[in-house]
Amino acid sequence: MNRNFTYYNAQHLIFGNGCLQRLATLPMPGKRAMIVTTPDRRYIDRVQALLAENNVESIVYDQNSINPCTSTIREGAVFAAEHAVDFLISVGGGASTDTAKGIAVLMKNGTDHDIWDYVPYYEGHRTPDKGAAPLIVISTTSGTGSEANPSAVISNEETSVKLDVAYSCMYPLYSIVDPELQVSVPKFWTAVTGMDVIFHCAESYLDQFHTPYTDMVNIEGLRYAAKALPAAYREPANLEARANMAIASNLAGIGESMADLISLHAMAHTLGSLHHSIPHGVALSLLAEEAFRHYCTYPVETRSRLAYMAGVVGYGDQPEDFVRFIADMLKTVDLYDIDFRQYGIDPARSREYAEHAVEKIAPYMDKDEQPVTADMAERIFYNSLTKNNRNK
């Protein structure tokens with residue numbers, strides 16, 4: 001383990017059933033807000049009413065998509081400038097939050113350039129020297145944990161690359177996590193966001209830069225999610241299960257902010273980069289079993305940590321037992337056999353996907369205990385897309 005690390009997590013979390021009401025009384029960073037959400041505008045009328053009680057005017061920017069992109073973020077920042085808003089509120093899942101984080105950076109640093117200019121993995125990248133506009137996050141799904149970290153994952157439509165922008169100024173001012181808002185989440189989205197939580201915890205725990213702090217939150221998040229996700233999926237109105245999934249998501253977001261993720265996420269981001277309609281959790285679920293099976297071939301630390309996670313979720317004490325857990329959980333939430341062709345994914349492109357992951361999503365490919373080559377990645381892609389009935 002790398003013993004040198006920095007711990008920083010500037011999170012003001014407001015958690016609990018009914019806590020959305022706090023929006024009417026919390027100190028606000030301004031008098032005019034822009035709400036960032038999806039076109040379905042779920043809960044927007046309620047949020048605007050609560051803001052009005054707090055003497056805050058609000059407008060709505062509802063052009064967010066399931067894979068936040070550079071053009072949408074820039075358009076949102078221009079929209080915010082035209083309406084002279086003071087701060088942002090995101091309402092939705094991780095995509096809404098990530099879009100809002102990107103807009104917040106451009107609001108303070110100017111709309112004459114692109115959010116992609118701030119991606120830190122490129123030489124000569126910009127930094128948000130003027131900070132970011134204040135952001136309040138209202139989470140309506142349990143998935144990315146974006147309410148707990150300073151990162152925004154963004155797709156560049158021109159280059160077909162999906163990477164993150166992350167600076168400490170992008171932490172939310174408040175994060176409101178009200179499990180009551182999540183009981184209406186459809187089963188499919190409960191499944192794909194819930195599996196994302198499990199992958200976040202597991203990958204961050206396997207990350208070679210893990211620390212005692214990340215180990216704590218990732219193992220506890222995994223423990224919560226493994227128990228709560230099946231219940232939340234079977235019983236959407238189960239508030240206890242929804243609350244426990246929200247806790248797991250939040251813990252996973254903290255862990256990710258300090259240790260990052262490994263190659264599974266890089267390969268999933270490849271599919272999201274090249275096929276914009278695929279939900280992130282679906283891309284992860286397609287590749288997960290084969291990816292974790294590959295991790296079982298790693299040196300002793302990864303294998304021992306896989307075995308430990310298997311014990312945490314009650315599946316035994318061998319690395320392969322955790323792979324079995326992943327497969328069983330995917331079956332439980334009906335994500336084991338996915339019709340991937342609806343997103344344009346083709347097993348014949350496995351080599352292309354592999355090279356894209358290794359070359360274009362490289363910053364996410366260097367956290368594994370051992371390097372992942374294009375040949376290894378190709379095998380994971382191909383085996384994932386041709387197993388069982390997935391290639392029909």
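## The largest cavity

The lining of the largest cavity divides into 4 nonpolar, 6 polar and 1 charged residues. This cavity belongs to a predicted model, and its volume is about 70 Å³. If you would like to find it in the structure, look for Thr141, Ser142, Gln182, Val185, Thr190, Thr193, Gly194, Leu229, Ala232, Arg242 and Met245, which line it.

Three helices each supply at least two residues of this lining: H4 (187-206), H5 (212-234) and H6 (239-259). Helix H4 gives the largest share, with 3 residues.

## The second largest cavity

How many cavities of 30 Å³ or more turn up in a search of the whole structure? There are 2. The second largest has a volume of about 60 Å³.

Its lining is made of 14 residues, and Gly94, Ser139, Thr141, Thr144 and Glu147 are the ones nearest the centre of this cavity. By class, 13 residues of the lining are polar and 1 is charged, with no nonpolar residue among them. Thr141 is worth a look here: it is listed in the lining of the largest cavity and also lies in that of the second largest cavity.

## A pocket by Phe5 and Thr6

Now to a pocket. The second largest pocket holds about 200 Å³ of space. Of the 13 residues that line this pocket, Phe5, Thr6, Ser257, Met258 and Ala259 lie nearest its centre. The lining counts 6 nonpolar, 5 polar and 2 charged residues.

## A nonpolar patch on the surface

Phe5 comes up again on the surface, where it joins Tyr7, Tyr213 and Met216 in a nonpolar patch of about 420 Å². Tyr7 sits in the segment before strand S1 (13-15).

Is Tyr7 exposed, partly exposed or buried? Tyr7 counts as partly exposed because its relative accessibility is 45%, and the exposed class needs over 50%.

## Asp334 in its loop

One last stop is Asp334, found in the loop between helix H10 (319-332) and helix H11 (350-360). With a relative accessible area of 55%, Asp334 is exposed; the cut-off for that class is over 50%.

How far from Ser168 does Asp334 lie, in sequence and in space? The two residues are 166 residues apart in sequence, and their C-alpha atoms are 37 Å apart in space.

Notes
Residues are numbered from 1 along each chain as its sequence is written. This is a predicted model: local features need pLDDT of at least 70, side-chain atom pairs count only at pLDDT 80 or more; totals for chains, interfaces and linings use all residues. Side-chain values use heavy atoms; hydrogens and water are left out. Patches are made of residues with over 30% relative accessible area and no salt bridge: like charges are joined within 9 Å, nonpolar side chains (Val, Leu, Ile, Met, Phe, Trp, Tyr) within 5 Å. Accessible areas come from the Shrake-Rupley method with a 1.4 Å probe; for residues, only the protein chains shown count as cover. A salt bridge is a side-chain nitrogen of Lys or Arg within 4 Å of a carboxyl oxygen of Asp or Glu. Helices (H or I, at least four residues) and strands (E, at least two) are DSSP runs, numbered from the N terminus. Buried means under 20% relative accessible area, exposed over 50%, partly exposed in between (1.4 Å probe, protein chains only). On a 1 Å grid over the protein atoms alone, a cavity is a set of points where a 1.4 Å probe fits but cannot get out, and a pocket is an open set with protein on both sides within 12 Å along at least five of seven lines; lining residues have an atom within 4 Å of a point. Grid points are joined across faces, edges and corners, and a volume is the space filled by probe spheres set on the points. Ala, Val, Leu, Ile, Met, Phe, Trp, Tyr, Cys and Pro count as nonpolar, Asp, Glu, Lys and Arg as charged, and the others, Gly among them, as polar.
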